[in-house]
Amino acid sequence: MKKMDYQNVKGTQDYLPNAEEVRRNIRRTLEDVFIQYGCKPLETPILNYTELLASKYGGGAEILEEMYTLTDRGERDLALRYDLTIPFAKVVAMNPTLKMPFKRYEIGKVFRDGPIKTGRFREFTQCDVDIVGVDSQIAEAELMVMALDAFRKLDIQVTIQYNNRKLLTGMLEVFGTESEKINKVVLILDKLEKAGLEAVVSELNDQGLSNSTITLIKQFLTDDGNSSFSYFETFAEQNEEARQGLNELKELESYLEFLSVNNQCVFNPFLARGLEIYTGTIYEIFLSDQSIKSSIGSGGRYDNAIGGLIGTNENFSTVGISFGLDVIYTAMITSEKELKENKNVDYFIVPLGTLKESLLVANYLRNKGYKVELEMSNKKLGKALDKANKEKIRRVIIIGEDEVKNNQFKVKDMISGDEWIESYQFK
């Protein structure tokens, strides 16, 4: 029989126990923070109708190109979800009796047939929180503070950049950008940090914008004062959308200053976020040490999605944030912040010809709430201790015939090297 060439699908990955322990610790930490902030759990299907995910309230043209599509036996057009946002908006649209404000979290797999890079795969896990029913920027402030809290508990230093799509759109209108080209121009401006000024200006020229519009946009991109809110006051006087965006930014900043997190949250006037869904505040989370250049979390306000799915065009004040579990894992490994001690095993019991007695001690400790692994393969003591070291298990219990005879067992601390005897009645 021909041997199969075993390999993972490109863009997918297996996580062996040591790696998965770190990932599950990240997941537990995030979930604990979500619950601490009053979020309710939710789970949505991975399979969705293509029509839902491809709606104009979805991820936009770039993400739709990466969407995995398929048909079922009934020849219905289906797709794998590419994020958790639109499935959540669908839940709110289908359940009008939900009490507002409604704050939910969901952790689940999503799929995108896109480019692969550090921390970015085609099958990956997103961890989302969304709030429906809060008009005020206090919702954005709470999600940003929640993110800082989560990463502090993961011992990861981050910076959150934020902006407002209304301000950006209003500025482009003042500069004379045609309305049908604004979304495309926004996507181009979002590439400024990665591609540089020349590449951005070149793409703007390709859009057929007037010379005066391109000149004004270039001045905006290069002006030294554009990181200050006062820079935008003149433009806000000329454009209602820019005025609304600036006022929302000022309100958000007032919360961030009051909570003393404004040093970790930085206004970036060029941050645009690629998705067309966003209607107001947007933000992205970056590692402070820049060991990974791409964002490790992002989100923003999208007030039109739920009403659009219902078909009423009603505004549902909605704001969300999403964390990529896989890229956070990559960040922790890159920064060597993986677990220094195996927190999934409290005791590793090594029997020396005392398997039944050792099983008795294992059950005794488990009944007391400890996590216990029993060596069942007759390893010699040296090899068993080597296993404990490699798997970063701190406490090892050694039970030989003398220990059973004397109604005691020996505990060894693999980090400090200390040993001590504890009493246990075997008979």
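**Buried charged residues, cores and enclosed space**

In the predicted model, D130 touches F88, F102, K103, R104, Y302, V319 and G320 when residues up to four places away in sequence are not counted. Two of these contacts are also polar contacts between side chains. The side chain of D130 is joined to that of R104 by a polar contact of 2.5 Å, and a polar contact of 2.5 Å likewise joins the side chains of D130 and Y302. D130 belongs to strand β6, which spans residues 123–132. With a relative accessible area of 2%, D130 falls under the 20% limit and is therefore buried. A further spatial relation links D130 to G299: the two residues are 169 positions apart in sequence, while their C-alpha atoms are separated by 9.3 Å.

Strand β6 also takes part in the lining of enclosed space. A search of the whole structure returns 1 cavity of 30 Å³ or more. The largest cavity holds about 50 Å³ of space. Its lining consists of Q13, Y15, R23, K109, F121, E123, F124, T125 and D326. The largest contribution to this lining, 3 residues, is made by β6. By class, the lining of the largest cavity divides into 4 charged, 3 nonpolar and 2 polar residues.

A second acidic residue, E248, is located in helix α12, which covers residues 240–258. The relative accessibility of E248 is 16%; because this value is under 20%, E248 counts as buried. Beyond its neighbours within four places in sequence, E248 is in contact with Q137, N164, K166, G280 and T281.

Among the open spaces, the second largest pocket has a volume of about 390 Å³. This pocket is lined by 16 residues, of which N183, E276, Y278, T279 and N304 are the closest to its centre. Two or more lining residues are given by each of the elements α6 (165–174) and α7 (182–189). Helix α6 supplies the largest share of the lining of the second largest pocket, with 4 residues. The class composition of this lining is 6 charged, 5 polar and 5 nonpolar residues.

Helix α7 was examined further with respect to burial. Of its 8 residues, 6 are buried, so α7 is largely enclosed by the rest of the structure. The buried residues in α7 are I182, V185, V186, L187, I188 and L189.

The packing of nonpolar residues was then considered. In soluble globular proteins, nonpolar side chains tend to be buried together. The largest nonpolar core of the model contains 79 residues, and the members that touch the most other members are F34, Y162, F323 and I328. The greatest contribution to this core comes from helix α5 (residues 138–153), which gives 10 residues. Another core, of 21 residues, lies apart from the largest one and includes L53, A79, Y82 and V132.

Taken by element, strand β6 contains the buried residue D130 and gives the most residues to the lining of the largest cavity. Helix α7 combines a part in the lining of the second largest pocket with the burial of 6 of its 8 residues. Helix α12 holds E248, and helix α5 gives the most to the largest nonpolar core.

Terms used: Residues are numbered from 1 along each chain as its sequence is written. This is a predicted model: local features need pLDDT of at least 70, side-chain atom pairs count only at pLDDT 80 or more; totals for chains, interfaces and linings use all residues. Side-chain values use heavy atoms; hydrogens and water are left out. Buried means under 20% relative accessible area, exposed over 50%, partly exposed in between (1.4 Å probe, protein chains only). Contact means heavy atoms within 4.5 Å. A polar contact is a pair of N or O atoms within 3.5 Å; within protein, one must be able to donate a hydrogen and the other to accept it, and residues adjacent in sequence count only if both atoms are side-chain atoms. On a 1 Å grid over the protein atoms alone, a cavity is a set of points where a 1.4 Å probe fits but cannot get out, and a pocket is an open set with protein on both sides within 12 Å along at least five of seven lines; lining residues have an atom within 4 Å of a point. Grid points are joined across faces, edges and corners, and a volume is the space filled by probe spheres set on the points. Ala, Val, Leu, Ile, Met, Phe, Trp, Tyr, Cys and Pro count as nonpolar, Asp, Glu, Lys and Arg as charged, and the others, Gly among them, as polar. A nonpolar core is a set of buried Ala, Val, Leu, Ile, Met, Phe, Trp, Tyr and Cys residues joined through side-chain atoms within 4.5 Å.
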